[in-house]
Amino acid sequence: MGRSFASAAALAALALLSAVPNVNAAIPTCGPNSPCPAEAPCCSQYGQCGVGAYCLGGCDPLFSHSLDSCVPAPVCDSSKFKVDGVNGVTDITKYLGDASKANWVATGKPLAYEGGVLLTMAQDTVGTLLASTHYVWYGKITAKMTTSQGKGVVTAFIMMSDVKDEIDFEFIGVDIDHAQSNFYSQGVTNYNNGKNLTVDSDTVNNEHEYVIDWQPDTLTWSIDGNVMRTLNRKDTWNATSGRFDYPQTPSRVMLSLWPAGLPSNAEGTINWAGGLVDWNSQYMQNGYYYAHFSSIDVECYDPPSGANKEGSKTYIFNNDAGTNDTVVISDKQVILGSLQATGDDPDKGKASSSSASAGSTKTNSASSASSTAAAPESVPGMSGGGNRGDSGTVQGSDGSSSSDGSSTTSSDGSSSSSSSSSGSQSFDQGTSSSNSSDAPSGFQGVGASFVALVAAFATLLML
């Protein structure tokens, strides 16, 4: 398709948050040669530092204060990715890392509809994002879905790792006859990675089945049972960085509906998405745009040959290279005691048994409010658009930009003949030396409205 505008899509800003005075003031940023400070040790996928939810799904261990700052990622479990309305969906402000109690973490407002889940996007919001609590380290991921329609509106079904390896199906609201496929390695933009895939019938009025078949040596994108694109790992060798530019680390399944066409986004992103969002569009129903996922199915594949196995419950990294040979399958499990806790200090803010009495609770609350007046951020901003930017940057929830998580030079798209790139060496990194029908009415759903999320976000800062 020539130059891929999909790979230029930036993270959407949390526009409404920027209108709340001082909420996003002085949030530490993170990236190459700039790790998070000890007081806000967790680097979110948006390039900002904090505690609590910052340390859960999407926490980048490469730029956090330490590899242990991020909570270990729950291993793949095929039974934990089902969608059943909003059952098993927990709001991001309530999730503390216990994946046995939630399959999905939500930002925005998902609604139950026809046994599946409806993602909504109303004016003055940045839409809805669902992220799986369990990770996939190679597997077959299937989504049955319909997309949204309209200028600036993007529906996405992607895989995203904590070090920003990424595999995408994205759907632009002004082009309902194609799906855009893409992939990234550690967040590095490569304009040769995107490819348009033709769908037999439009993606809005007709449900289609989209499959990501992710294996250690090959990656395929399929639509309705037909393989549309194949990527071979051996063809992604990057001699400059000394590694394969191939998605290779444990990833979450992410479903989203987001406004790429916001005035606060980069011009390239807006143009890619077909223009600015029309908040009076005929494609809105009940005051919002919508996309429907009727089912998600995941077949977990076995860990790659040579994987570091020290347990069976979680994935962690033992090195800041962030490649598949630095992933460890461990028995280390961490559930945060509060949204002020971190992987380094998981019990911080945890309620004690002595706080059960009303008097004790009042005293402790007053003390807490006084001692944490300048507490670090605990709930990161949201966008379902992946982690790449028009100029290699990530736009944070306050609209600020920081590094996208890698200073590694991206591949120029050419294949290397290096013996290290052999498909049979799938676990080695060579010589790496550095690291539109109307939506039905009357839905019943869960998840905070965006205004409520902002209120909760601001309240957490003032605790």
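**Disulfides, salt bridges and a sheet in a predicted chain**

The chain exposes about 17400 Å², of which carbon and sulfur atoms supply 47%; accessible areas come from the Shrake-Rupley method with a 1.4 Å probe, and for residues only the protein chains shown count as cover. The model is predicted, so local features need pLDDT of at least 70 and side-chain atom pairs count only at pLDDT 80 or more, while totals for chains, interfaces and linings use all residues. Residues are numbered from 1 along each chain as its sequence is written, and side-chain values use heavy atoms, with hydrogens and water left out.

Of the 463 residues of the chain, 57% count as buried (buried means under 20% relative accessible area, exposed over 50%, and partly exposed in between, with a 1.4 Å probe and protein chains only). The secondary structure comes to three helices and 26 strands; helices (H or I, at least four residues) and strands (E, at least two) are DSSP runs, numbered from the N terminus.

Eight of the strands are a good place to start looking. They form an open sheet with mixed pairing, in the order E4-E5-E8-E19-E10-E11-E12-E13, where two strands pair if DSSP finds at least two bridges between them. Strand E4 (89-91) and strand E13 (195-198) are the edge strands, and each pairs on one side only. On average, neighbouring strands of this sheet are turned by 20° against each other, direction ignored (axes are lines fitted to C-alpha atoms, for helices over the stretch in contact, and angles run from 0 to 180 degrees between N-to-C directions). At one end of the order, strand E12 (residues 178-184) pairs with E13 in the antiparallel sense over four bridges. Gln-180 has Asn-196 in E13 as its bridge partner.

The disulfides come next. A disulfide is a covalent bond between the sulfur atoms of two cysteines, taken here as a pair of cysteine sulfur atoms within 2.5 Å. The structure holds five of them. With the bonded cysteines numbered in sequence order, the pairing reads 1-4, 2-5, 3-6, 7-8, 9-10. Cys-30 and Cys-43 are one such pair, with sulfur atoms 2.1 Å apart. Cys-30 lies in the segment before strand E1 (42-43) and Cys-43 in strand E1, so this pair ties together parts that are 13 residues apart in sequence. The torsion about their S-S bond is about 85°, so the disulfide is right-handed. Cys-42 and Cys-55 form another disulfide, at 2.0 Å between sulfur atoms; here the torsion is about 95°, so this link is right-handed too. A disulfide also joins Cys-59 to Cys-70 (S to S 2.0 Å), but with -70° about the S-S bond it is left-handed. Cys-59 and Cys-70 are both buried.

Side chains of opposite charge can pair when their charged atoms come close. Five salt bridges are present, each a side-chain nitrogen of Lys or Arg within 4 Å of a carboxyl oxygen of Asp or Glu. In one of them, Asp-60 meets Lys-164 (2.9 Å, N to O). This pair links distant parts of the chain, 104 residues apart. Asp-60 is buried, with a relative accessible area of 0%, and Lys-164 counts as buried at 3%. Lys-332 forms a salt bridge with Asp-68, the closest N and O atoms being 3.3 Å apart. Both partners are partly exposed: Lys-332 at 36% relative accessibility and Asp-68 at 43%.
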